[in-house]
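Below are some comments for a colleague who has the model open, arranged as numbered points. They deal with the overall fold, two enclosed elements and the charged pairs.

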Amino acid sequence: MTTEPERLPFFVYGTLRPGEANHARTLRGRTAAEEPAHIRGALLYDGPGYPYATDGPADAVVHGALVRPRAGDYDEVRTVLDRLEGYVPGDPGNLYERVRTDAVLADGRTVPAWVYLAAAPLAARLRRTATPLAGGDWRGGTPAEHQPPPADPGRRHGHPPHPG
């Protein structure tokens with residue numbers, strides 16, 4: 001299990017959002033709270049059944065949810081999410097990186113949180129070949145010009161990654 005000192009909630013924007021498939025498989029029954037939120041400075045791209053988020057301009061927004069794992073389940077949840085996202089702390093070959101961000105809640109408060117963003121090589125490929133989802137919301141946004149996902153975004157541990 002991961003032994004990092006920061007036990008932050010997770011900002012999720014795709015299949016890990018409440019009501020989505022990976023939420024049901026990995027988070028259901030393990031959370032203390034889930035609430036709508038967004039992050040700034042990130043872009044969202046459509047993928048093959050799930051979205052990709054990358055760093056973006058300061059005025060860009062990605063919508064999702066802030067998920068707080070129950071205290072007793074925190075380490076297991078972080079380990080399961082890292083595995084799902086193909087993230088290994090310190091691995092230069094990561095397809096996704098778990099990074100600290102500020103999630104903005106509906107009442108305007110900001111909360112530090114983890115988010116899974118595309119690692120630099122994948123993010124660069126997305127910027128070159130894909131169109132960000134208008135509005136930054138995977139559930140409601142559509143690309144201005146729908147483009148296919150980047151060719152072979154990679155596979156880790158015998159399964160394709162499924163970003164949050």
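1. A contact here means heavy atoms within 4.5 Å. On that basis, among the contacts in the protein between residues at least 6 apart in sequence, 69% join residues at least 24 apart. The model is a predicted one, and the remarks that follow should be read with that in mind.

2. As to the overall make-up, the protein has 3 helices and 7 strands, and from the N terminus on its elements follow the order β-α-β-β-β-β-α-β-β-α. Of the 164 residues in the protein, 49% are buried, while the accessible surface comes to about 7,700 Å², with 52% of that area belonging to carbon and sulfur atoms.

3. Helix 2, which spans residues 74–84, deserves attention, because 8 of its 11 residues are buried and the helix is therefore largely enclosed by the rest of the structure. The buried residues in helix 2 are Y74, V77, R78, T79, V80, L81, D82 and L84, a list that contains charged side chains such as R78 and D82. What covers them includes strand 1 (10–12), helix 1 (21–26), strand 5 (61–69), strand 6 and strand 7. Just after helix 2, G86 adopts a positive phi of about 70 degrees.

4. Strand 7 (residues 110–118) is likewise largely enclosed by the rest of the structure, because 7 of its 9 residues are buried. Strand 7 runs antiparallel to strand 6 (residues 96–105), and 9 bridges join the two; within this pairing, R100 has W114 in strand 7 as its bridge partner. The two strands form a hairpin with 4 residues between them, and in the turn G108 has a positive phi of about 95 degrees.

5. Which residue forms a salt bridge with R100? The partner is E6, with the closest N and O atoms 2.9 Å apart. This pair links distant parts of the chain, since E6 belongs to the segment before strand 1 and R100 to strand 6, 94 residues apart. Both partners are partly exposed, E6 with a relative accessible area of 31% and R100 with one of 48%. R100 thus takes part both in the strand pairing, through W114, and in a salt bridge, through E6.

6. A search of the whole structure finds 10 salt bridges, and two further examples involve helix 2. In one of them the side chains of R7 and D75 meet at 2.9 Å, N to O. R7 lies in the segment before strand 1 and D75 in helix 2, so this pair ties together parts that are 68 residues apart in sequence. R7 is partly exposed, with a relative accessible area of 43%, and D75 is also partly exposed, at 26%.

7. In the other example, E76 forms a salt bridge with R30, the closest N and O atoms being 2.9 Å apart. Here too distant parts of the chain are linked, with E76 in helix 2 and R30 in the loop between helix 1 and strand 2 (31–40), 46 residues apart. E76 counts as partly exposed, at 34% relative accessibility. In addition, salt bridges that share partners join R7, D75 and R78 into one network, and R78 is among the buried residues of helix 2.

Key:
Residues numbered from 1 in each chain as written. Predicted model: local features only at pLDDT ≥ 70, side-chain atom pairs only at ≥ 80, totals over all residues. Heavy atoms only, no water. Buried < 20%, exposed > 50% of the residue type's maximum accessible area, 1.4 Å probe, protein only. Pairing = 2+ DSSP bridges. Salt bridge = Lys/Arg side-chain N within 4 Å of Asp/Glu carboxyl O. Areas by Shrake-Rupley, 256 points an atom, 1.4 Å probe, with all protein chains shown as cover.
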